[in-house]
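Trainee: Could you take me through the salt bridges here, slowly? I'd like a close look at one pair and how it fits in.

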Amino acid sequence: MRAKPLMVQGTMSGAGKSLLVAGLCRVLAQDGLRVAPFKSQNMALNSAITRDGLEMGRAQAMQAEAAGIEPLADMNPILLKPTSDTGSQVIVCGKPVATMPAREYFQFKRTLKEQIRESYERLAADFDVIVIEGAGSPVELNLKRDDIVNMGMAKLAKAPVLLVGDIDRGGVFAQLVGTMMLLDDDERQMVKATVVNKFRGDPTLFDEGLEILREKCGVPVAGLVPFMDVDLDDEDSLSERLGRRRSDALVDIAVVRLPKISNFTDFIALGAMEGVGVRYVSTPRELGAPDLLIIPGTKATMADLAWLRASGLEAAVKRVAASGIPVVGICGGYQMLGEEIADPLGVEGGGTVAGMGLLPVRTTFSAEKRTVLVEGAFGEVTGPLAPLSGQTLRGYEIHMGRTSGEEPFLVSVGAEGEERRAGGCQRGNVYGCYVHGLFDHAEANHALVSALLARKGMDGCAVEAVDMAAYRQRQYDLLADGIRRSMDMDLVYRIIEEGL
């Protein structure tokens with residue numbers, strides 16, 4: 001039997017579509033349905049790797065986990081990873097095909113409708129319900145003709161639509177009523193209900209507002225969803241976690257907020273530990289003297305290294321390293337810590353630049369992207385983070401560069417049990433590697449934090465390890481509970497069953 005679709009569209013980017021889709025996936029799965037997420041085109045710097053080494057949007061991988069299923073590249077057939085203000089790397093069905101300026105992509109995307117259809121149909125053949133996420137607004141009038149992600153996708157899948165507005169930003173009446181007015185007549189018929197998202201305060205005070213929305217939009221309101229404090233993987237730099245600060249932290253971890261920062265979900269496990277503060281810095285003054293400094297991944301290593309220099313942060317990073325504070329670079333951050341980055345094929349515009357010279361490695365960008373899951377352990381770690389030695393690690397690599405001169409301190413175990421050294425290097429108190437998710441494993445993040453506490457003369461028992469797998473499952477359940485309390489699930493089920 002072919003899956004029944006339900007589509008969640010928003011009045012703008014950041015309206016909360018991704019979390020609502022995740023919550024609906026969790027509720028439907030709890031109710032015994034086989035449910036999968038789908039987003040035809042996603043633009044984000046945070047991505048995930050499937051078991052078969054394909055790349056997809058982090059949000060759809062998170063939604064799949066909420067649904068209790070393995071993430072598949074078919075759930076996000078088109079992924080755009082911005083490399084500049086006007087261009088993106090285009091990933092189709094899990095594989096990069098080109099880096100294009102926006103104008104070129106607008107022409108190219110017309111050829112992608114068949115891939116989108118095929119990916120959707122494969123999912124529809126295997127599941128009971130597909131919850132489809134839109135992108136941005138469905139009434140960007142200058143872009144509607146070639147739309148493949150909002151009403152264009154709804155028509156392809158014959159999906160009824162829930163239209164979501166963000167009341168936290170203000171103007172929710174203008175958002176929802178204005179969007180309905182700008183839709184074409186046939187599109188307006190596809191919207192079966194609205195949802196008011198991110199509400200704060202007493203919901204009874206908005207009763208009149210709900211009635212106004214019903215009257216003005218001509219469809220029921222499916223829910224007044226509260227602003228939910230759930231901690232799940234974020235899609236991009238709209239994430240609120242980048243601005244968080246904790247004043248009560250025993251351990252202070254600073255992460256450089258690079259302009260094209262990617263996969264900052266690497267640090268959720270650390271930030272979830274009681275007594276640990278993870279803060280993002282973009283100036284030397286903000287950096288100060290943390291207990292640990294991390295330079296994260298980026299989609300534009302050379303450009304972000306130039307920004308690091310221009311902002312004065314490169315000199316600040318070197319001062320921190322010289323003081324003995326541990327410095328860790330991950331992926332693009334690892335490349336920056338080396339002696340040289342070369343781009344002979346023009347992957348990032350071409351040329352060769354000097355790195356920070358804190359690790360004795362050199363990186364050359366190649367045409368082929370490495371995307372692979374990594375399971376194994378830390379090998380012999382020296383210096384201040386030596387307690388990490390032997391700790392289990394699970395993560396993934398996703399990068400274009402090949403690095404020489406490495407002295408790997410990670411051991412990866414393959415499917416047949418063979419061991420190999422994963423890319424990385426350590427020298428003194430400076431460490432770098434390509435593996436994202438280094439500290440997701442409970443024992444590894446506890447060993448890291450214990451080492452940092454010991455440097456301050458404190459007992460590592462002052463903090464508890466976080467099992468990220470169990471932590472995420474609790475967050476999905478909290479999200480589902482919030483959805484059940486605030487949305488009319490009988491109406492939602494009726495919309496799914498009746499379709500268009």
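Mentor: Sure, and keep in mind that this is a predicted model. Let's go straight to Lys144 and Glu187: Lys144 is buried, and Glu187 is buried too. Their side chains meet in a salt bridge, with 2.7 Å from N to O. Now look at where the two sit: Lys144 is in the loop between strand 9 (129-133) and helix 5 (151-157), while Glu187 belongs to helix 7 (residues 185-188), so this pair ties together parts that are 43 residues apart in sequence. The general idea is simple: side chains of opposite charge can pair when their charged atoms come close.

For some contrast, try Asp166 and Arg169, whose side chains also meet in a salt bridge, at 3.2 Å from N to O. Asp166 has 1% relative accessibility, so it counts as buried. Arg169, at 47% relative accessibility, counts as partly exposed.

Then there's Arg362 with Glu340, another salt bridge, at 3.2 Å from N to O. Arg362 lies in strand 21 (residues 362-378) and Glu340 in strand 19 (residues 340-343), so here the pair ties together parts that are 22 residues apart in sequence. Both partners count as partly exposed: Arg362 has 40% relative accessibility, and Glu340 has 27%.

Back to where we began. Lys144 and Glu187 belong to one network with Lys155, Asp184 and Asp186, joined by salt bridges that share partners. And if you search the whole structure, you find 30 salt bridges.

Key:
Residues are numbered from 1 along each chain as its sequence is written. This is a predicted model: local features need pLDDT of at least 70, side-chain atom pairs count only at pLDDT 80 or more; totals for chains, interfaces and linings use all residues. Side-chain values use heavy atoms; hydrogens and water are left out. A salt bridge is a side-chain nitrogen of Lys or Arg within 4 Å of a carboxyl oxygen of Asp or Glu. Helices (H or I, at least four residues) and strands (E, at least two) are DSSP runs, numbered from the N terminus. Buried means under 20% relative accessible area, exposed over 50%, partly exposed in between (1.4 Å probe, protein chains only).
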